[in-house]
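Trainee: I would like to learn how to read charged side chains in a model. Can we go through some cases together?

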Amino acid sequence: MSLASDDVDFDAVVVGAGPAGSLAALRLAQRGLSVVLIERGEAPGAKNLSGGVLYPYELATAIPTFAAQAPVERTVTRHVTTFLQADSAVSLDYAGDHLASPVATADTAAPNAVTVLRARLDPWLAARAEEAGAFLMPGVKVDALERDAGGAVVGVRAGEEVLRSRVVVAADGVNSFLARDAGLRPKPPAHHLAVGVKAVLAMEPGRIADRFGVDDAGGAAHAVVGDATAGVAGGGFVYTNRDSLSVGLVLRLDDLVRSGRTAHELFERFLAHPGLRRYLAGAEAVEYGSHLVAEGGLAMVGEVVHDGLVLTGDAAGLTINSGLVLRGMDLAVASGIAAGDAVADAIEAGDVTRTGLERYRTALEATTAMADLRTYERAPAFFSRRGPYGPWGRTAADVLRAAYTLDGAPRRPVRTLVRDALRRSDASPTTWAQDAWAAVRSL
């Protein structure tokens, strides 16, 4: 099934000018198809708060000018994971020279990871789609899908206007109403969602380098758990940009509600935490906001294909939290590329039914993004355990406090310190054993 060319305004309508939408529009336009890229904000990136860490392998492969021209903030040369307590911190700190170099297996000059601000990255990506021939339509809110008599999607409706197309690519975020409108995704359960509270704090570049132990071009990505969230399931982050910091908390929705606290309250507490003072002191807030974040991992990825419609990025539930890294943008890019190519193939084959568009699911399943989602399939269940948000950090701090404190008493073996700390912890031996087994299976 495919509408005749006279019956459509565009071959494809892409809703959402984030990484997934712009890459889908880019690939479709590169195949010579007519594409409109609709963005509800006044400009791409206008609705996206703060920034994050982007692993650009797929993006730099799709856009060869990425390494030279993309508006990246810093190359991440240091990854730090911290178990934060009220009066101490235990960190895993990894820095490596190779992190500043291009990925060895790639044909691009892009490094392993960079920090980005979406307000700068998204317009750049949309501009690449425009250069390829896509038509950018900002400031338009899509209200509903347009269907034919048989229920197939044949376009979108925005107010009184209807744009008809052969295929609609939904890249409209974790709350994708297009996915719900099509019946592809029910409302996610609360434990599959988190509230992300983010801010951008201005800071002079030299001060960033001094405080975070990086050079002028290097950057640091800090992941923080434990007292960062006052025990609520989730974690915090601090990423270095050129002249600012991206700081935020991700709080699992069901646990936040259960705690009786608000996201704003916990975020203000995080910013004022003594463990972060040496990094954040004197920084000035220039942007603040919150939005929902997908946290369900592979379990959130359901049906991604309907007659005349495919889902990409957050709309398809593509996010990974491995405990060491949070990933979303690179998964969105991978899905956008897969969708653009598969939809172009389907249009050229004259079959944009669900059967014809199944090639998108096949292509998506073959991506590294989906392989990684399968690898971390059990991670969401693991992070529902209480250990990461209290007992682990307290026990590690207990061991290290004893190891580093010389108070005149004879030294004891580390194994004894560990045994005693486990006995003093507020978790039972059974809980420790279950945590260890869950960690082995999940991570």
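**Reading the salt bridges**

Mentor: Start within one helix: Asp122 and Arg118 are both in helix H4 (residues 118-132), four residues apart, which is about one turn of the helix. Keep in mind that this is a predicted model.

Trainee: How far apart are the closest N and O atoms of Asp122 and Arg118?

Mentor: They are 2.8 Å apart, and the two residues form a salt bridge. The cut-off is 4 Å between a side-chain nitrogen of Lys or Arg and a carboxyl oxygen of Asp or Glu, so this pair counts.

Trainee: Are Asp122 and Arg118 buried or exposed?

Mentor: Both Asp122 and Arg118 are buried.

Trainee: How many salt bridges does a search of the whole structure find?

Mentor: The search finds 30. One of them joins the side chains of Asp345 and Arg31, at 2.5 Å from N to O. That pair links distant parts of the chain, 314 residues apart: Asp345 belongs to helix H10 (residues 329-349), and Arg31 to the loop between helix H1 (19-30) and strand S2 (35-39).

Trainee: Which other side chain meets Arg31 in a salt bridge, at 2.9 Å?

Mentor: That of Glu348. Glu348 is in helix H10 and 317 residues away from Arg31, so this pair too links distant parts of the chain.

Trainee: Why does Arg31 count as partly exposed?

Mentor: Because its relative accessibility is 30%, and partly exposed runs between 20% and 50%. Asp345, at 31%, is also partly exposed.

Trainee: Which residues are linked in a network of salt bridges?

Mentor: Arg252, Asp254, Asp255, Arg258 and Arg386.

Technical notes: Residues are numbered from 1 along each chain as its sequence is written. This is a predicted model: local features need pLDDT of at least 70, side-chain atom pairs count only at pLDDT 80 or more; totals for chains, interfaces and linings use all residues. Side-chain values use heavy atoms; hydrogens and water are left out. Helices (H or I, at least four residues) and strands (E, at least two) are DSSP runs, numbered from the N terminus. Buried means under 20% relative accessible area, exposed over 50%, partly exposed in between (1.4 Å probe, protein chains only).
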